[in-house]
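Please examine the structure shown below. The report that follows describes how some of its helices pack together and then turns to its chains.

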Amino acid sequence: MEVLFILIIISLVVAGGFLLAFIFSVKNGQYDDTYTPSVRMLFDDELTTKEENSNYKKSN
Amino acid sequence: MSKSVCYHCGEDCLEDEAIYDEKSFCCSGCQVVYEILKDNDLCNYYNIENTPGISPPKDLNVKYEYLENTDIVEKLISFRDEKISVVSFFLPKIHCSSCIWLLENLFKLNKSINSSRVNFLKKEIQLTFNHHEISLRGLVELLSSLGYSPEINLDKAEGKRKKVEKSLIYKIGIAGFCFGNIMLISLPEYFGLDSIKESNFSNFFGYLSIALSFPVMFYSAKDYFISAFIGLKQKNINIDVPISLGVLALFLRSLYEIILSLGGGYMDSLSGLVFFLLLGKAFQQITYNTLSFERDYKSYFPIAVIRINDDKSEESISVVDVNVGDLLLIKNNEIIPVDAVLDKGTANIDNSFVTGESNASVKKSGEKIYAGGKQVGGIIYVRAAKKLSQSYLTQLWNNDAFTKHQENKFEGITNSISKYFTIIILLIAFGSGLYWFQKDFKIALNAFTAVLIIACPCALALSAPFTFGNVLRILGRDKFFLKSATVIEGIAKTDTIIFDKTGTITQSSDSNITYKGKGLDENQKNALYSLLRQSSHPLSKLVFNTFKTEKQVEVSEFNEIVGNGIKGIINGLLFKVGSYEFTKTELEQETNFATKVHINIDGNYIGYYQIENKYRKGLKSIIVKLRKWYSFNLVTGDNENEKENLTYYFNDQDKLYFNQSPKQKLDYVRKLQEGNKNVLMIGDGLNDSGALKQSNVGISVSEDVNTFSPACDAILDASSFEKLPTYIRFCRQSIRVVIFSFIISFLYNIVGLYFGVTGALSPVIAAILMPLSSITVVVFVTITTNILALQHKLR
């Protein structure tokens, strides 16, 4: 049963990783606009797209 | 000919219809946009939605000269390096997915744009562009030529970019994380697994839950302690005091139990409690992305103005830099930024937004023009008489109604109950503690903390946020946008309504026009039609629009005499249309002050068109329905000529005040408040700003909620104006819902207190009772408010 000590610690670390990912994504502004991406993904790609600039670089 | 619809914007094609590429367009503007898009293979725009376009503005090249000024450009641009600049604009015209597609494909249209990103909800676009190849002005003109004119105003140029408060989301995330994990390791405790108790596990789990509770206690729950502390310091027991007491009791007792190995502690209940409370807080906060409740004159005024220098050169300068004595050039539909004296040209100033006067006033050279008025007509030159911050209108913002911070205009229902609640709980806690103290110290301590824990008003604190949060959403869907949940309680408490007139209870875009006088025959009507067609005066246009089937005839010797009217010769007869003095044969005094357009044909006075305000639909029924709760006042900056019409709506007890300045409006609200009235101010323009701010609840009526409305507590879309009584009733009822839910949470508390005072509270009971009571309350208030909304036929 002692393996539980290790397992619980591991589970906490994994869960903590998700918590950090959540905080990081909020900080990055991924939840600022919850509508536009849903429309954007439906547009057909044509020719070549030229989205070389990272759009999140200066969002705040 | 069958009516066709513009392929670009969906408007009906009238006389100016243009056919291009086998498609109809309502005007050349729409056609040009189509051509641009077609040349650049962007016709996909028309495939995503039908007729997505916006007819572009006609007067393009004049408006954006100020974007050449480097100071202004500097303020607007959010980021710049050697190669690229980043700028964001507010584009009020964004309305469909085609807009998103086109705006995000701008780089195909102009190679110097690197990328663009649309935030649909905020109606914002963020552009990354190469500033060596395209100037900011070029960029704005490109957007504008497609119909998406950016809104740029003084507010934005001052660089006040609001940072979105995200700490609440972090707090919820962390509390939720800790809550879940503590719950998980508390499971053995819940099921009473003895084998675990005996081993080292119970210690391990205990210390782990202590470790996990620290972030909850010291980060997530921080605000409750701070608020309780501030409240106590001001000798005010708010709802955060019993919450903090409960949380503190939970924490200390759990520490005590775990460290002495007496039990599993209540860390799960602690983090769960904080988690739910924070969720309630978040639910109550709604942000309407495109609305702003904090606007002042800065978001109404233009960002720049053209100054004529001594050497006759034109220069675009920021309005903040306008000095006394500067000569300024004002074009059609531009706002006069500072108090000024007219130097040259014919000023025809629309002051409806600033003073509430419904008619444009004509100014002669040398006359004073107040800041905020809008020039309608040709170009004028004015000489600045004051700086922006010292102008008549902007001085209103120096009043203490604006400088004083009025965070809490009134005490919320939850806080007013928490006073008694806290005192009773403390009495019970001490009472049961003392009772057990005579028998056993341990049980006494146990009972004392248990009472504080179980009485922690989680459900109580949740009922108001969830009720009001839901009401806010329901009203928001119905186009009545409230700033915050406290406004609902504010509305329920008000007993006096003050209306502004122009633009609030009257429709700003529409008026009733009636003809009085001798009958007009066909030829005379045709003549008037042709004559009025040539005038740009707003009154001429209003009368002109009443004609429908008339034909155009030739007008010779047309002449517009400023401040008087127009004249012209038709079929050999001299037609004069305009003011009383201009058209009357022998001078008599005019009998009333209503706005009229008089007609004189060949020396004979014929009659006049009377122009009256058109009142909003349902005004009478609003007043009748709300009569049992409210007394009514009307305070307007306009003159008395509508007094007779107003008596139809208001009765003798209602007070009507005319010719009131913005400051007088504010003072009137204050006077009523000193007489212990709770004032609900309903206004629309800058001239109501002071009164809206001073009132207990200020509602701003707006024809288009995305455009400017002064600082207020709520914005009401004009199309929902007649539903105002329903909204007010709904707010009043929601208070009763909250009171009912309080009773439910008290019942739970009584059950819990039974366990508490007998000293029999176990972690399992706490872990069940607390979420259960909270969930009951939340479900109850959500269902009742939705049923009420259905009854009121609110969507």
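## Contact of α16(B) with α27(B)

In this predicted model, four residues of α16(B), namely Ala447(B), Ala450(B), Val451(B) and Ile454(B), meet Asn749(B), Gly752(B), Leu753(B), Gly756(B) and Val757(B) of α27(B). By class, the residues of this contact of α16(B) with α27(B) are six nonpolar, three polar and no charged.

Two packed helices are described by the angle between their axes and the distance between the axes. For α16(B) and helix α27 of chain B, which spans residues 724-757, the angle is about 165 degrees and the axes lie 8 Å apart. Because angles over 145 degrees count as roughly antiparallel, α16(B) is roughly antiparallel to α27(B). These two helices, α16(B) and α27(B), cross in a right-handed manner.

## Contact of α15(B) with α16(B)

Helix α16 of chain B covers residues 441-454, and it also packs against helix α15 of chain B, residues 413-437. The angle between α15(B) and α16(B) is about 165 degrees, and their axes are 7 Å apart. The helix α15(B) is therefore roughly antiparallel to α16(B). The crossing in which α15(B) passes α16(B) is right-handed.

Which residues of α15(B) and α16(B) meet? On the side of α15(B) they are Ile425(B), Leu426(B), Ile428(B), Ala429(B), Phe430(B), Ser432(B), Gly433(B), Trp436(B) and Phe437(B). On the side of α16(B) they are Phe441(B), Ile443(B), Ala444(B), Ala447(B), Phe448(B), Val451(B) and Leu452(B). The contact of α15(B) with α16(B) comprises 14 nonpolar residues, two polar residues and no charged residues.

Two residues of α16(B) take part in both contacts: Ala447(B) and Val451(B) meet residues of α15(B) and also residues of α27(B).

## Contact of α27(B) with α28(B)

The helix α27(B) packs in addition against helix α28 of chain B, residues 763-791, at an angle of about 160 degrees with the axes 10 Å apart. The two helices α27(B) and α28(B) are therefore roughly antiparallel to each other, and their crossing is right-handed.

Among the residues of α27(B) in this contact are Phe730(B), Val737(B), Phe740(B), Ile744(B), Tyr748(B) and Phe755(B). Their partners in α28(B) include Ile765(B), Leu769(B), Leu772(B), Val777(B), Phe780(B) and Leu788(B). The classes in the contact of α27(B) with α28(B) are 14 nonpolar, eight polar and no charged residues. Gly752(B) of α27(B) meets residues of α28(B) and also residues of α16(B).

## A residue of α8(B)

Leu168(B) belongs to helix α8 of chain B, residues 167-190. Is Leu168(B) buried or exposed? Its relative accessible area is 12%; because buried means under 20%, Leu168(B) is buried.

Leaving aside residues up to four places away in sequence, Leu168(B) touches Leu278(B), Lys281(B), Ala282(B) and Gln285(B). Leu168(B) and Leu279(B) are 111 residues apart along the chain, yet their C-alpha atoms are separated by 9.0 Å.

## The two chains

Chain B has 795 residues, of which 54% are buried, and it contains 28 helices and 28 strands. Of the contacts in chain B with a separation of 6 or more, 68% involve residues 24 or more positions apart. The accessible surface of chain B is about 35900 Å², and carbon and sulfur atoms account for 54% of this surface.

Chain A has 60 residues, 25% of them buried, and it contains two helices and zero strands. Its accessible surface is about 4600 Å², with 65% belonging to carbon and sulfur atoms.

Note on methods
Residues numbered from 1 in each chain as written. Chains lettered and ligands numbered in written order. Predicted model: local features only at pLDDT ≥ 70, side-chain atom pairs only at ≥ 80, totals over all residues. Heavy atoms only, no water. Axes fitted to C-alpha atoms, helices over the stretch in contact; angles between N-to-C directions. Parallel < 35°, antiparallel > 145°, perpendicular 65-115°, else oblique. Left-handed = near helix turned anticlockwise from the far one by under 90°. Contact = heavy atoms within 4.5 Å. Nonpolar A, V, L, I, M, F, W, Y, C, P; charged D, E, K, R; others polar. Buried < 20%, exposed > 50% of the residue type's maximum accessible area, 1.4 Å probe, protein only. Areas by Shrake-Rupley, 256 points an atom, 1.4 Å probe, with all protein chains shown as cover.
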